[in-house]
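Please walk me through this protein chain, one part at a time. I am new to it and would like a plain account.

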Amino acid sequence: MLVDETYITVTGGKGGDGRSSFFPGKGKTSPDGGTGGDGGSVIVRMNPQMYSLHRFAEQKIFKAEPGGLGQGFRRQGKAGKDLILEMPLGTSLIDQETREVIELTKERTEFVICHGGKGGRGNDCFKSSTNVAPRYAEDGRPGEERHFKLVMKMIADYGLVGLPNAGKSSLLNELTKAHARVADYAFTTLEPNLGAINGKIMADIPGLIEGASHGKGLGVRFLKHIEKVSLLIHCIAADSKDVLKDYEVVEKELEAFQPGLTKKSEIILLTKIDLVTENEVKKKIKALSVFEKKILPISIYDWDKLQEFKSLLV
C-alpha cells in the first residue's frame, strides 16, 4: 500500500557530559576533566529510488547518537554520529509547531533538520587564577526535537485522470513497463501507479467520481501527486453514455481540489474506441470539441493511435 502521508518525531543527540577529574598523583589542584562530545544531528536526504514513506509509517521516532562523555587527561568525548533519514523526491516536511516547510527537490537534496546538543565542558575549562581546582563540570545539552508531518508528492511529468474504468491503467501498462492492476469494474486502481515514457514519468491517478472533493469514493487525496505535472491527460471511455458529463465531473473535482489544475495543458483521450463504431467515435469527438482541447481517439489495440499519442509527449 502506498504511504504518502505520516507523522514523525526527530531528536538530535544529547551532548556528552563534561568530566570533573584531576591528574592522578598531583593532588586535587590539577583539574584534567575533558569536554563531552557534541550530539549527532538528524539529516534528511533525498533518495531517488524511494517511492513511498512506508518506513516512516512503521517507525515514527528517530534519535541521533548522543555525544560521548568527557575523559580524564583533558580528552574530549567522541562526537555522536549523525542520523541520516532517506526520503523520496518530492517529500515535504511540515514542522507542526513553526509550520516551516522543507521540500526535497532535485536542487535541494539534503537538509539538517535537528542539530545535536553541545557537549558539556569539563572542569579543566573552569580553572582560573582564583579557582585553581574547580570540582564541577557541565552536563551536555539536549539535542533539538521537532515534530513533522511528512507529505510525499510524486514528481510526475504527465498525469492520467478520469472517471473509474476509463482505461487509464491499461493505457499506462501499454505505453510503459508498468504493471498496474486492471479489471472490468470501477475502482480497480486504489493508489497511484507510475510508468516511464520517453525518459519522463507518467502517473495514473485513481478514478474520481462526482462528489470526490466532499469525500465520496476515493476522494481527492491522490491529486496532490499531479500538482506539478506539465500535462494532464484526461481519459474518457468511448462507450460512455454521456462523454460531456464525464469530462465536466472530473474537471469540477480538479477545480475544487486546486483551481490551478484546470489551467494546465491538457489532452482529451477518447479511450476504448474498439468498443464502439467509427460513427459513434466521430459523434463523441464532435461533442467534446466544445471544450476546445486537443482530442485524440485511442485504443490499446491500435498501434498507430498509440504511436500518435506518444509523439505528443515531448
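**A guided walk through the chain**

Of the 314 residues in the chain, 49% are buried. The model is a predicted one. The chain holds five helices and 14 strands. How do its contacts spread along the sequence? Take the contacts between residues at least 6 apart in sequence: 73% of them join residues at least 24 apart.

Start with a sheet. Three strands make it up, in the order E4-E2-E7. The sheet is open, and its pairing is mixed. Strand E4 (83-87) and strand E7 (110-114) are the edge strands, since each pairs on one side only. From one strand to the next, the twist averages 30 degrees. Look now at strand E2, residues 42-46. E2 and E7 run antiparallel, and four bridges join them. One bridge can be picked out by name: Val 44 has Phe 111 in E7 as its partner.

Cysteines come next. How many disulfides does the structure hold? The number is zero. Two cysteines can be set side by side. Cys 114 has a relative accessible area of 0%, so this residue is buried. Cys 125 has a relative accessible area of 40%, so this one is partly exposed.

Move on to the loop between E7 and strand E8 (145-152), where Asp 124 lies. Is Asp 124 buried or exposed? Its relative accessibility is 17%, and buried means under 20%, so Asp 124 counts as buried. The side chain of Asp 124 makes a polar contact of 3.1 Å with the side chain of Lys 127. Leaving aside residues up to four places away in sequence, Asp 124 touches Pro 31, Asp 32, Gly 33 and Arg 74.

Two other loops hold a backbone feature worth a look. Arg 99 sits in the loop between strand E5 (91-95) and strand E6 (101-103). Arg 99 is not a glycine, yet its phi is positive, at about 70 degrees. Asn 198 lies in the loop between strand E10 (193-197) and strand E11 (200-204). Asn 198 is not a glycine either, and its phi is positive at about 55 degrees. Is Asn 198 buried or exposed? Its relative accessibility is 52%, so Asn 198 counts as exposed.

Now the helices. Helix H2 covers residues 168-175. Its buried residues are Lys 168, Ser 169, Leu 171, Leu 172 and Leu 175. Where do they sit around the helix? Seen down the axis of H2, they fall within an arc of 160 degrees, so they line one face of the helix. What do these residues pack against? Their partners are strand E9 (158-162), E10, E11, E12, E13 and helix H5 (303-312).

Helix H4 spans residues 278-288. In H4, the buried residues are Val 281, Lys 284 and Leu 288. They cover an arc of only 70 degrees around the axis, so they lie on the same side of H4. The spacing fits a general rule. An α-helix has 3.6 residues a turn, so residues three or four places apart point the same way. What does the other face of H4 carry? Turned away from the buried side are the exposed residues Lys 282, Lys 283 and Lys 286. On the buried side, H4 packs against strand E12 (231-237), helix H3 (243-257), strand E13 (265-271) and strand E14 (294-297).

E13 leads to a last stop, Thr 271, which is found in that strand. Thr 271 has 4% relative accessibility, so this residue counts as buried. What surrounds it? Not counting residues up to four places away in sequence, Thr 271 touches Ala 166, Cys 235, Ile 236, Ala 237, Ala 238 and Ile 298. With one of these, Ala 166, there is a link to the backbone: the side chain of Thr 271 reaches the backbone oxygen of Ala 166 at 2.6 Å. Ser 299 lies 28 residues from Thr 271 along the chain. Even so, the C-alpha atoms of Thr 271 and Ser 299 are separated by 5.7 Å.

Note on methods: Residues numbered from 1 in each chain as written. Predicted model: local features only at pLDDT ≥ 70, side-chain atom pairs only at ≥ 80, totals over all residues. Heavy atoms only, no water. Buried < 20%, exposed > 50% of the residue type's maximum accessible area, 1.4 Å probe, protein only. Arc of directions from axis to C-beta. Contact = heavy atoms within 4.5 Å. Disulfide = S-S within 2.5 Å. Pairing = 2+ DSSP bridges. Axes fitted to C-alpha atoms, helices over the stretch in contact; angles between N-to-C directions. Polar contact = N/O pair within 3.5 Å; in protein donor to acceptor, adjacent residues only side chain to side chain.
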